[in-house]
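Open the model in your viewer and keep the selection panel at hand. The tour moves from strands to sheets to charged side chains.

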Amino acid sequence: MALVTPRRRSAPLRYAVTELLCALGSASAKELCYFTGAANATLRSLEKSGILRLEHREVFRRVTVEAGERAAPPVLNAEQQAAFEGLDALAAAGRPAAALLYGVTGSGKTQVYLRLIYEALARGRTAMVLVPEIALTPQLLRIFASHFGDDIAVLHSSLRAGERYDEWKRVRDGQASVVIGTRSAVFAPLADVGLMILDEEQESSYQSESMVRYHAREVAKFRCTHHKGLLLLGSATPAVESRYAAEMGQYHLFTLRQRYNAHQMPKVRLVDMKQELRQGNATGLSGLLREELEENLRRGEQSILFLNRRGNSRMVVCSQCGEVPTCPRCSVHLTYHSANGRLMCHYCGHSQPLPELCPHCYGRLQFVGMGTQKLQEALEESYPGVEIMRMDADTITATQSHEVLLDRFRWKQVPILLGTQMVAKGLDFANVTLVGVVDGDLSLYADNYRAAERTFSLLTQVVGRAGRGEKLGRAVIQTWTPDNDVINLAARQDYDTFYEEEREMRRMLRFPPFLDLFRITLSGPEETQVLRACAVIRRSLEPWVKPRQQGPEGPEVLGPAPAPVLKVNNRYRYRVLLKCRNGREIRAVLAQILQAAQQDRANRGLSIAMDVNPMD
């Protein structure tokens with residue numbers, strides 16, 4: 001019996017998948033769904049029809065470390081040695097302790113970490129190093145494996161379940177004394193923990209946004225208290241709360257103000273994009289950044305371009321009626337992806353083909369804004385024959401992992417690496433001498449009290465990727481608001497001034513670290529039901545809040561108010577905020593209120609969650 005392929009009209013998705021497979025021969029399920037808009041159910045139905053075969057292929061995600069001689073403990077400079085001696089004294093004291101290591105980008109914080117781990121192991125204790133991004137794990141693993149060999153275990157979400165389980169067993173059985181991983185690795189079953197390190201401790205990815213909700217820093221505090229170990233928070237741009245805790249004496253503070261081997265900080269220049277627009281340049285790349293890129297290409301040096309928006313265009317708009325395609329399940333505009341010619345939602349994953357004309361008035365569609373895909377196309381057009389490597393959520397697959405991309409950038413000396421926040425921190429490439437920030441304002445005006453802190457940290461971190469070798473680094477920050485204090489302070493790498501200004505702003509607004517912020521979020525399919533439940537929770541809080549409202553630290557309740565994105569995946573989201581000091585009494589009150597809300601029959605179908613000092 002002959003095999004019949006799906007028909008284009010009656011089964012367009014099945015036909016598209018079959019057509020793509022005929023051209024490629026084989027592809028991952030994720031890639032097939034991305035390029036055709038099909039779902040996994042479509043692939044399974046094609047398998048039942050005998051048109052394709054689904055199989056599991058083993059893909060190793062751990063870094064393969066080349067065999068060689070073990071590296072010697074790193075030699076520290078005077079500034080690093082002073083920090084190490086102070087931190088090691090805390091670790092050896094046999095009492096719980098917490099410290100903040102504030103060091104500028106390229107100051108060699110990792111070398112201090114290594115020396116501290118050597119000392120912890122010499123005392124017969126164990127150590128843990130957490131990083132915020134999976135992209136940083138392979139590079140860190142390579143460094144640590146050269147020092148500690150098979151004594152390390154790796155735990156992060158990109159490992160297969162079997163690999164994670166095997167690593168967990170190695171830790172549990174004492175076969176690994178050093179754990180390296182992302183947020184969830186904080187629960188690794190290490191015995192007698194002497195040292196826990198949170199690198200880039202200011203990152204929001206350390207806070208879990210799904211059940212169970214936790215912040216890795218708080219779990220690490222508890223474990224260090226239990227094991228009488230040292231908790232070390234490291235960053236070039238510490239969180240305002242951490243810096244304030246050090247100022248108040250809750251953390252010990254150690255500072256590295258110079259780059260390792262006295263390398264100079266990158267020279268940073270700002271570009272006013274309004275002026276570029278007045279001069280007729282609407283390409284998204286300023287004349288200065290183009291000149292610097294061309295100079296780097298002539299020198300044979302590498303460049304990193306940072307744009308924290310994936311896809312091709314931020315949105316598509318009709319030039320006649322102004323209609324903008326929106327997600328049918330979320331209250332957001334769809335983003336155009338040129339790689340697959342589709343409009344996609346970055347919240348629920350909805351995907352649909354890009355129409356040729358506006359479906360409402362048949363007007364011509366225009367593309368607004370620039371994403372990493374569009375920037376890559378513009379660069380390839382401007383520099384034919386030059387390889388442009390893109391690193392974002394769309395390019396990371398099972399066969400094209402962070403490790404594979406970064407190794408190609410390192411060993412094949414790819415001239416330009418373009419990416420989202422994956423390229424903004426932790427990467428150390430000696431031949432990178434230029435960093436370009438394409439849109440420095442992107443996160444500055446978000447509806448979040450942490451927007452200024454997040455923008456300063458991102459800009460400071462990505463600028464710090466340049467000039468980490470012997471060559472002097474340069475950076476170009478493109479901005480629409482060149483007079484903004486946050487942009488200017490980030491360009492000068494002046495964290496101290498930024499912290500002082502941000503601390504006073506937080507004091508006036510009564511935000512953390514001066515008061516804690518409890519956020520109760522309710523979501524459900526019916527908007528009126530969610531709003532009613534939020535109103536009940538607010539009324540339940542008022543008897544506790546009103547008698548205590550006097551004074552600068554008096555509690556305050558806000559809302560109900562819609563979340564910045566009201567609807568996600570057909571569920572409406574509203575919030576109630578409570579500002580007050582975190583204590584046993586208010587936690588008991590909130591626990592009672594949330595329990596009552598969950599038991600209320602009127603709230604059936606609703607999800608209720610609470611975050612303390614949320615990062616988003």
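Two strands count as paired if DSSP finds at least two bridges between them. With that in mind, note that this is a predicted model, and start at strand β9.

**Stop 1: strand β9**

Select residues 302-306, which make up β9. Five of the five residues are buried, so the strand is largely enclosed by the rest of the structure. Buried here means under 20% relative accessible area. Show the side chains. Q302, I304 and F306 point one way, while S303 and L305 point the other way.

Now add residues 432-437, strand β17. Five bridges join β17 to β9, and the two run parallel. Look for S303: opposite S303 stands L434 of β17.

Next, add residues 416-419, strand β16. β16 also runs parallel to β9, joined by four bridges. Here I304 has L417 as its bridge partner.

**Stop 2: a four-stranded sheet**

Move on to an open sheet with the strand order β20-β21-β19-β22 and antiparallel pairing. Which strands stand at the edges? Select 556-568 and 607-612: these are β20 and β22. Each has a single partner strand, so one side of each is left without a neighbour in the sheet. From one strand to the next, the twist averages 20°.

Zoom in on β19, residues 516-524. Six bridges join β19 to β22, and the pair runs antiparallel. One contact point to label is I520, whose bridge partner in β22 is M610.

Then select residues 584-599, helix α18. This helix packs on the sheet and touches β19, β21 (571-580) and β22. The direction of α18 makes about 165° with that of β22.

**Stop 3: salt bridges**

The model has 36 salt bridges. Begin with E295 and R298, whose closest N and O atoms are 2.6 Å apart. Both sit in helix α11 (residues 287-299); being three residues apart, they are separated by about one helical turn. Is each partner buried or exposed? E295 is partly exposed, at 23% relative accessibility. R298 is exposed, at 60%.

Widen the selection to R269, E292, E295, R298, R299, E301, K471 and R474. Salt bridges that share partners join these residues into one network.

Now pick D173 and R172, whose side chains meet in a salt bridge at 3.1 Å, N to O. D173 is partly exposed at 45% relative accessibility, and R172 is partly exposed at 43%.

End at D494 and R492, a salt bridge of 3.9 Å, N to O. R492 counts as exposed, with 55% relative accessibility.

Terms used: Residues are numbered from 1 along each chain as its sequence is written. This is a predicted model: local features need pLDDT of at least 70, side-chain atom pairs count only at pLDDT 80 or more; totals for chains, interfaces and linings use all residues. Side-chain values use heavy atoms; hydrogens and water are left out. Axes are lines fitted to C-alpha atoms, for helices over the stretch in contact, and angles run from 0 to 180 degrees between N-to-C directions. Contact means heavy atoms within 4.5 Å. Buried means under 20% relative accessible area, exposed over 50%, partly exposed in between (1.4 Å probe, protein chains only). A salt bridge is a side-chain nitrogen of Lys or Arg within 4 Å of a carboxyl oxygen of Asp or Glu.
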